Every structure is written in structure tokens, then in C-alpha cells.
Amino acid sequence: VIRCTDICIDQSLQLSSDQDDQKDLTERNINLEEELEKCWSWVGELADLAKVHVKHAAEYHNFYYTANNLNEELTTRKKHIMTQLDKANYELTRLERNNTLENAIKQAKSMKYIITDSLKKMSHLWDEVQSLGVKSRSVVPVFLRSQESPVPLEGRMLADYETQEISLKAGDSVLIHDSTDRLQWHIECNGNEAFIPAICVWIPSPDSESVEVAVVVRSKLMKV
């Protein structure tokens, strides 16, 4: 992003200082002000599109980071509960040898603490897992942008784009035939095919793999 910004600034400075070309155009009565404005407007629009893709990438990373953390926490929590129960059983066996009211009270307090603590932490984990399930349905499958698909993918236009071959509006659904080139994709819309900038297209959610991950984490929670 920083590199792109630097390139834009350098290009602006270079074009602004090129007096010979400016003089030549003036002498030939050529005014490119409108075209120049369109050009920089397109650059600004590309920057806005890049922000959308960065947002999708951040949400994808955040989802899997959370899912991995929950998976590890569930494993740790299960081990902790089993350890606590083993200790409680050992203490129960020891106290049974000296069956007194005082020992019975100690035993009850110990079990109460284990159950209360476990329920509190499991309740928190349940909320986290439920939230993960909701997020999974909105995760954008950004990994599909960098790998070849055996079948055409459904895409959605993020911006208007028009050439001699095709006219597209933001929100239009397209079929992505080839996304192997990171810069230009081969798409189809209403029977018309064209190569358009990849940045103009996003692959909508849900990501089936993210949904499956959330289901697996929830199943693990139910088994704890």
C-alpha cells in the first residue's frame, strides 16, 4: 500500500514538472483536463476497491485466528476439567475413610467450586463459539482469489466497468472463468465474456470451509 502511494505521488510530480509536453499540447490546442480528471478518479476508485479487499482479508484472518484459539482453549479446558475431577475423586476416596460431618462439608465445597468454575468458563466459551458460527456465514473466501478453480466461480462487481466488449455495473453477478492472473480475470455476464481488472470483482460469502470449521469447533465444545 505504501509502495502504491509512493508511485502515485512520484507519477504526479513527474507529470507536473514535464513542461515540454505541456507546452506542446497547448500549442496544438489540446486540453486533457477532463481526461486527466477521469484518470485520477479511476486511481482513487482503485484505492477504494483495495480497501474492500483488505477488509475481507482481515476478517478472514481474524476468523481463523479466533477459531484456532477456541480450538486450543477447548482442548485445554477439557484436560483441566478431567484433572480437577480426578483430584476431587481422589479427595473423596480419602475423606470417605474418615467419614465425618466436617469432611462431608469439605467435599461438598470442593465439588461446588469445580462445578461453578467449569460452568462459568464453559458458558463464556459457548458464547464465543456461537459468535464464531455467526461470523462464519459472512467470511469471504479470499483464498479463491489466488488458486485455480475447476469450475466457474460466482463473483460480484464492486464497481462499474465498461469496455467495447462489455458494460458492467456495481452489484452485477458474473461468472469467473479464469482467476489465475492476479491482475486480470476472465469473466462472463449475460452471455458476454471479457477480461476485466480482478480488483473490480469480489467472491461473495459464505465460505463453506469457514462454516465447516465453526461446526467442528461447536461439536468439540459439545463433547467437553
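In the predicted model, the accessible surface of the chain comes to about 15,800 Å², and carbon and sulfur atoms contribute 53% of this area. The chain has 224 residues, of which 27% count as buried. Among the contacts with a separation of 6 or more, 66% are made by residues that lie 24 or more positions apart in the chain.

The secondary structure consists of 5 helices and 7 strands, which follow one another along the sequence in the pattern α-α-α-α-β-β-β-β-β-β-β-α.

Strand 1, which covers residues 153–157, has side chains that alternate between two faces: Leu153, Gly155 and Met157 point to one face and are buried, whereas Glu154 and Arg156 point to the other and are not buried. This strand is paired with two others. With strand 4 (residues 173–178) it runs antiparallel, the two being joined by 4 bridges, and within this pairing Arg156 stands opposite Ser173. With strand 7 (residues 201–202) the pairing is likewise in the antiparallel sense, here over 2 bridges, and Met157 has Val201 of strand 7 as its bridge partner. Met157 thus belongs to the buried face of strand 1, while Arg156 belongs to the face that is not buried.

The second largest pocket holds about 350 Å³ of space. Its lining is made up of 13 residues, of which His53, Arg145, Arg182, Ala198 and Ile199 are the closest to the centre of the pocket. Helix 3, which spans residues 33–96, supplies the largest share of this lining, with 4 residues. When the lining is divided by class, 9 residues are nonpolar, 2 are polar and 2 are charged.

Two features of the backbone deserve separate mention. Most residues other than glycine have a negative phi, and most peptide bonds are trans. Asn190, although not a glycine, has a positive phi of about 55°. This residue is found in the loop between strand 5 (184–189) and strand 6 (192–197). Asn190 is classed as exposed because its relative accessible area, 75%, lies over the 50% cut-off. The other feature is a cis peptide bond, which joins Ser205 and Pro206 and has an omega of about 5°. Pro206 is placed in the loop between strand 7 and helix 5, the latter covering residues 208–223.

Notes: Residues are numbered from 1 along each chain as its sequence is written. This is a predicted model: local features need pLDDT of at least 70, side-chain atom pairs count only at pLDDT 80 or more; totals for chains, interfaces and linings use all residues. Side-chain values use heavy atoms; hydrogens and water are left out. On a 1 Å grid over the protein atoms alone, a cavity is a set of points where a 1.4 Å probe fits but cannot get out, and a pocket is an open set with protein on both sides within 12 Å along at least five of seven lines; lining residues have an atom within 4 Å of a point. Grid points are joined across faces, edges and corners, and a volume is the space filled by probe spheres set on the points. Ala, Val, Leu, Ile, Met, Phe, Trp, Tyr, Cys and Pro count as nonpolar, Asp, Glu, Lys and Arg as charged, and the others, Gly among them, as polar. Buried means under 20% relative accessible area, exposed over 50%, partly exposed in between (1.4 Å probe, protein chains only). Two strands pair if DSSP finds at least two bridges between them. Contact means heavy atoms within 4.5 Å. Accessible areas come from the Shrake-Rupley method with a 1.4 Å probe; for residues, only the protein chains shown count as cover.
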